[in-house]
Amino acid sequence: MHRDCLIIEGLAGKKSLKGKVQINGAKNAVLKAMAASVLFADELVIANAPDTEDVKKLAHLLHLAGAEVSMDAAKKEIRINASTIVSTDLDHETTKAMRGSVMLTGPLLARFGKVSFNVPGGCVIGARPIDLYIDAYKKLGAKVVVSGDHYTIDVGQEKNLVGAEIFFALQTVGGTETLMMASVLAKGTTVLKNCAMEPEIVSLAEFLVQCGAKISGIGSPTMTIVGVGLLNADGKKYHTIPDRIEAGSFLLLGALCADDLLIERCNPLHLESVTSALQNAGVLLVIGKDSIYITANAKTKWANVSSFSVRTHEYPGFPTDLQPQMVAFLAHTAGEGIMFETIYEGRFKYVQDLIRMGADITEMNPREVLVRGFGGEDATQKNGETKMLLALGKDEPLQAHDIRAGFAVVMAALVAKGTSVIQNAYYIDRGYEKLEERLAALGATIRREK
């Protein structure tokens, strides 16, 4: 199993990290583009691709199906030729380890008329049923057979999915993208209602249109897709947009324990829910066209950074994937704030780790926590020392419960007093490329051990 640990020497409350960090291509965009390669008659080239574990896993899954896949980490480029696919039975072990594998089911079903797979796994952050996908495939004319955890879906004698009207009971990013891709090759017109509107969806849809797809309503709650034949890239590359979650993660890390930090190659327009909250709280930011600069942060006392409450929401609301990082930040502000998680009910597992480090957090219910920050009037303890998180070492290590919770405990370990050990670093690797190297370049003392 994956037993890598991160060893982090805490800064004992000092905001001393400084430098610049460049944001990679969005994991949640490149994975969908890789799945979309199944819709193409020719080779699809994906540029600005991050070298993360999830990307490697999906590449492996496509390779096992028969696709020709080559990855060039130096060029940050992926080439996929899906015309060589020979199997639509997705590898069981890989799908069990990766929730995102479900996104392949739509394109495979649309192109080959059948697909089979095990219930997908991945990060344990709450119930994420695939009923929505299954119900939609049935509306598009597919027949579904379920045997335990195994699904077999087939379009039968029709040989094609048939356009239909589909209303998503809940806004779903994965569902919107997967059904959009499936509808591109369906016969007739498909109308998707109550669609998610994340930038990654817009980016993929616009590229598919460039390659021959007929999609209208892009970026709105209702999209209409008229089915066409296989798409052709004709040499056009899909350029992966900046990872707004990675940018937001470094932004919150910088606000917590950096003095001057320049975040480059990002799109601040995708992070307005985060930047506006931090600015209103008292964090000094300079926002450019493709950069965010945290400036003179060490001079800003925590007593002058007001706490606030956050409610996660679909884009353009506050992202659920930045919820753990924000809680780690709120633990140091002045006052009380409530984090309300509306997307996943199992996303607060990391809170117990923060509490073990000394954070004042109360779990109100599975979706709500109350955070009392260290930065208030009682920030000084009776012994005269400033309140701060205390490191947890190898005897009682921190855990990376999932990708984003993993980054949150990295933040906590960095700001804490003492040396912390974080287990399950593999989860962090799934979403953040070479994190320890990038943090070390900012001045952090961090290393990896088996």
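These legends walk you through a few close-up views of a predicted model.

**View 1. The buried residues of helix 9.**
Start with helix 9, which spans residues 272-281. Val274, Thr275, Ala277, Leu278 and Ala281 are its buried residues to look for here. They cover an arc of only 160° around the axis, which puts them on the same side of helix 9. As you look around that side, you will meet some of what covers these buried residues: helix 8 (244-257) and helix 10 (323-330), together with strand 15 (285-287) and strand 16 (291-294), are included in the cover.

**View 2. What follows helix 9.**
Now move along the chain to Gly282, the residue that follows helix 9. Its phi angle is positive, near 120°.

**View 3. A salt bridge between helix 8 and helix 7.**
The structure holds 26 salt bridges, and this view introduces the one that joins Arg244 to Glu200. The closest N and O atoms of this pair are 2.9 Å apart. Arg244 lies in helix 8 and Glu200 in helix 7 (residues 199-210), so the pair ties together parts that are 44 residues apart in sequence. Both partners, Arg244 and Glu200, are buried.

**View 4. A salt bridge between strand 23 and helix 13.**
Here Arg448 pairs with Asp429 in a salt bridge, with 2.8 Å between the closest N and O atoms. Because Arg448 belongs to strand 23 (residues 445-449) and Asp429 to helix 13 (residues 425-429), the pair ties together parts that are 19 residues apart in sequence. Are these two partners buried or partly exposed? Arg448 is partly exposed, its relative accessible area being 27%. Asp429 has a relative accessibility of 17%, and it counts as buried because the cut-off for that label is under 20%.

**View 5. A network of salt bridges around the same pair.**
Keep Arg448 and Asp429 in sight, since both belong to a network of salt bridges. Which other residues are linked in this network? Asp4, Glu436 and Lys450 are linked in it along with Arg448 and Asp429.

**View 6. Glu449 and Arg447.**
Finally, find the side chains of Glu449 and Arg447, which meet in a salt bridge with an N to O distance of 2.9 Å. Glu449 counts as partly exposed, at 35% relative accessibility. Arg447 is also partly exposed, and its relative accessible area is 45%.

Note on methods: Residues numbered from 1 in each chain as written. Predicted model: local features only at pLDDT ≥ 70, side-chain atom pairs only at ≥ 80, totals over all residues. Heavy atoms only, no water. Buried < 20%, exposed > 50% of the residue type's maximum accessible area, 1.4 Å probe, protein only. Helix = DSSP H or I, 4+ residues; strand = E, 2+ residues; numbered from the N terminus. Arc of directions from axis to C-beta. Contact = heavy atoms within 4.5 Å. Salt bridge = Lys/Arg side-chain N within 4 Å of Asp/Glu carboxyl O.
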